[in-house]
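Colleague: Got a minute to go through this model with me? I have a few quick questions.

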Amino acid sequence: MSGSNLDDLNQSTGDDEDDEGGGIPFVRPIHHDYDLLDGERLRINAYTAAWRKCLDRIKSIVHALHAPMSAKVEQEVRLSYDNVLSGLPYPEIPVIGITDPTSSSAFLDQIATVTDSFDLDDEDVTHATAFTSHLYPTDCSNLTSALKTLIAGFVDRPHLLEKVKGRPTASLVNYDMEMLLAWYSAIREAHDITKLCRPKLVVLLHDFEQLDPLVVQDIFTISSLYIPRLPLIFILALSSPASPSFLHSTYPRSTLALLRVSTHTVPSGARVLEEVLLRTFFDMDFEPDLVIGPSILTYLTDYCGRHNPSLDAALNILHLAHLKHFSGEPLTLLIKSTPSSEILAQPASAPLVEAVLARLQSSPSTDSSNLEWPNQSLPPLIAAIDDTRAFAYSRARRVRIGFRLIKLIQDFMASQGYKGLNWGSDTRAIAIMDVMIAALQGGLGSDIKYLGIMVKKLRTAQLGALLNEMHFFFNSLPVDVRSREEEARTNLVLAINALPQQVDDDVTAATSQVAANFGDWLVKYLK
């Protein structure tokens, strides 16, 4: 499976339809009769901003999840030719196996970023950690083609040869490893790079299981003849299980004897997907433009659980959800801003205004007494749209706060040895994905009541620790969110101050009263 490019807004939308709107395949909305004249452009802009915001968030989360392993691989590349065992009959080729069962491209892209120095200026070559060349199955139909691609991935960097006199590789064919050796030696001499500081030459073999084993064997054999003159390192992108190893079960001992193999397994599967969804749609430090509903999350959970647990598949689903949302309904252009009075006053905008009025008048959160049409003044309508948008985001924010508080209390109960709500503790437990769906559906009422009962049974020290954790949670909220939760913070401070400082019989009764009052308030607040 080809991986998704996390930097491409259109990476999972299929074939480009046309050049308008950057190739985004927007379809005509079902209710196009009340679309603005410029509605498609406005919706495309809103879609682009919303998806870019969501994608950037996911990229940052995935980068953070992969960072520890990426650092290990980078260190291994940097130290691969240090402290080499002496007395070996022949030099070994460092080989790093990267196992990712989901075949996602995210981790490989991250590795390529930290191991390649392609963009370095000629003056900065001495600071280069490594140069990277990529080999794909299509490049390895035969040995000549594979070597040509491997060598070209390194030598096609003319900006690094500005200090080199003459053309050191001119008399060599482009599939001869002597050409790579001449290029590398010329760069080292021109920049006075010592043996200890020389950049490594990383060859990244994508979809390793799909490569012709005979071609790869020949590449390893030829490369071993140039070690350590060429500090080659091979990184194998594997999707097969780490045990039994595809490398050891496919290649003969004569080839394996040339390699010094280390393996790493990329974090993947349900836990990574849960972390991405939690920190994208249920995190207090991030507010997505488009709040996904329980139906999308249910479909995503079912598809990834039954068919494809990769991050790429989840990205495709989220991307398509954004596309469907903005291409199917003209009113989605109002997601972040409202058109000006001048635009809404145009005759062509009358159908949209009527559709907005109908929607507002049916909303229980809107005071529609001042909204009548036709009306000489549009500002009340625009103000009502802005207020409804703010109310919707506020509701979504309250759901996130409630979910995070429930999870905080559940995690605390588990840390204290209580069974709690039995979330994700074993195979019979409720998966956190199902809990997220229930939170969006407002179906955590029984869980909230149970947690309220558990809080009332906590001992003095336990209740004090829980209250302090909750107080820290509220104080860690963004400033604009924290200011709206002043009442909750006040109740926490009152409960903390009401707790006795010492434990005895009288204090136990006082603690029970504080716990009972706080438990009742907590249930009411979370509901």
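Colleague: Which backbone nitrogen does the side chain of Asp283 lie 2.8 Å from?
Modeller: That of Asp285, paired with a polar atom of the Asp283 side chain. This is a predicted model, where local features need pLDDT of at least 70, side-chain atom pairs count only at pLDDT 80 or more, and totals for chains, interfaces and linings use all residues. Residues are numbered from 1 along each chain as its sequence is written, and side-chain values use heavy atoms, leaving out hydrogens and water.

Colleague: Where is Asp283?
Modeller: In the loop between α8 (270-281) and α9 (294-306). Helices here are DSSP runs of H or I, at least four residues, numbered from the N terminus.

Colleague: Is Asp283 buried or exposed?
Modeller: Buried, because its relative accessible area is 13%. Buried means under 20% (1.4 Å probe, protein chains only).

Colleague: What does Asp283 touch?
Modeller: Arg57, Leu278, Arg400 and Arg404, not counting residues up to four places away in sequence. Touching means heavy atoms within 4.5 Å.

Colleague: Switching to cysteines. How many disulfides?
Modeller: The count is 0, taking a disulfide as a pair of cysteine sulfur atoms within 2.5 Å. Cys140 is buried at 4% relative accessibility. Cys304 is buried too, at 6%.

Colleague: And how many cavities of 30 Å³ or more?
Modeller: The structure holds 3. A cavity is a set of points on a 1 Å grid, over the protein atoms alone, where a 1.4 Å probe fits but cannot get out. The largest has a volume of about 100 Å³, counted as the space filled by probe spheres set on the points.

Colleague: Which residues are closest to the centre of the largest cavity?
Modeller: Thr102, Pro267, Ser268, Val272 and Leu311, out of 14 lining residues. Lining means an atom within 4 Å of a point.

Methods: Buried < 20%, exposed > 50% of the residue type's maximum accessible area, 1.4 Å probe, protein only. 1 Å grid on protein atoms, 1.4 Å probe; cavity = no way out; pocket = protein on both sides within 12 Å on 5 of 7 lines; lining within 4 Å. Helix = DSSP H or I, 4+ residues; strand = E, 2+ residues; numbered from the N terminus. Polar contact = N/O pair within 3.5 Å; in protein donor to acceptor, adjacent residues only side chain to side chain.
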